[in-house]
Amino acid sequence: MFDFNIIIILIFFAIMAGFFAGLLGAGGGMIIVPALFFAFKFTGYSDDILMHLAVGTSLAIIFPTSIISAYTHFKLGNLDKNFFIYCSFFIFFGIILGAIFTTSVNTKNLLILFSVFTFMSAIFILLAKERRNQKRNIPIILKSIFGLITGFLSIPLGIGGASIMVTIMRFYDYSIRKAIGTSAHFGIIISFFGFISLLVSGYFFSNIEEPYSIGYINILGFLIFAPITILLAPIGAKFSSKIKKKLLDKIFGIVLMIISLRSFYEIFDFI
């Protein structure tokens, strides 16, 4: 069972995740997932489903957080409507494929995927040079591919897609604020259909016996994280508009690097 110490740990990471949800345009998934992973591991949950519970619960938490974050960014004008409308259709199909993949692999492989992805994203963000070009149009076929990839990878990673879409949009010279704001809107679609699919698949196709869990969703983790992140996400979103673009890029990259290195360390426990 969860004791008082676990609740304190969850509250601490929820505060961090809520702020970064708004700041980086996601639901804070890249912070929520490792936070839940460590909490569940410390509590004695089965190693076989640590990451499954972490990513599923993360997506459930991200849903209400992303709504608040997206609304705030929308009011600030940080949304590319055409890009969002077109990619959303393909993201949906990517989500379905991602849910099927997630339920078919073990925790170790999910953790490796999470670690590698965050490390590569951090390297790109930290080493990318600031260009003064205007944004470049993304070919329609690539928008379709990017949408599918974002939807597919976001489910096993337990994220709202910001670390994927922000990287893509920055590569095509979208402003960091526009990239973050648009990614926040993608987070609504990804998190909703993502957590529903993992709840259903975990409930009907897996034997989940861990306390407070329905399918791959842990109710206690959700109840602690959701209200805290909802309160802090608007603060992070407003704060991002006051930070210089170059500094915001660096913050994004450093956060991802720290998380990736800690996740790599955890893999050794499964070897």
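## Ser115 and its surroundings

Which helix holds the place of Ser115? In this predicted model, Ser115 sits in helix H5. Its relative accessible area is 0%. The cut-off for buried is under 20%, so Ser115 counts as buried.

What does Ser115 touch, once its neighbours within four places in sequence are left aside? The contacts are Ser260, Ser263, Phe264 and Ile267. One of these, Ser263, appears again below, in a cavity lining.

## Helix H3 against helix H5

Two packed helices are described by the angle between their axes and the distance between the axes. For H3 (residues 50-75) and H5, the axes come within 7 Å. They cross at roughly 55°. Angles of 65 to 115 degrees would count as roughly perpendicular, and those under 35 as roughly parallel. H3 is therefore oblique to H5.

On the H3 side, the contact involves Leu50, Met51 and His52. On the H5 side, Thr107, Leu110, Leu111 and Phe114 take part. By class, five residues of this contact are nonpolar and two are polar. None is charged.

## The second largest cavity

How many cavities of 30 Å³ or more does a search of the whole structure find? There are two. The second largest has a volume of about 40 Å³.

Its lining consists of Val33, Pro34, Phe37, Phe38, Met51, Leu111, Phe114 and Ser263. Helix H2 (29-43) and helix H5 (107-127) each give at least two of these residues. H2 provides the largest share, with four. Seven lining residues are nonpolar, one is polar and none is charged.

The lining overlaps with features described above. Met51, Leu111 and Phe114 line this cavity and also belong to the contact of H3 with H5. Ser263 lines the cavity and is in contact with Ser115.

## The second largest pocket

The second largest pocket holds about 200 Å³ of space. Its lining residues are Phe13, Met16, Phe20, Ile31, Pro34, Ala35, Phe38, Val255, Ile258, Ile259 and Arg262. Helix H1 (4-24), H2 and helix H10 (245-267) each contribute two or more of them.

What classes make up this lining? It has 10 nonpolar residues, no polar ones and one charged residue. Arg262 is in the list, and Arg counts as charged.

Pro34 and Phe38 line this pocket. Both also line the second largest cavity.

Definitions and conventions
Residues numbered from 1 in each chain as written. Predicted model: local features only at pLDDT ≥ 70, side-chain atom pairs only at ≥ 80, totals over all residues. Heavy atoms only, no water. 1 Å grid on protein atoms, 1.4 Å probe; cavity = no way out; pocket = protein on both sides within 12 Å on 5 of 7 lines; lining within 4 Å. Points joined across faces, edges and corners; volume = space filled by probe spheres on them. Axes fitted to C-alpha atoms, helices over the stretch in contact; angles between N-to-C directions. Parallel < 35°, antiparallel > 145°, perpendicular 65-115°, else oblique. Contact = heavy atoms within 4.5 Å. Buried < 20%, exposed > 50% of the residue type's maximum accessible area, 1.4 Å probe, protein only.
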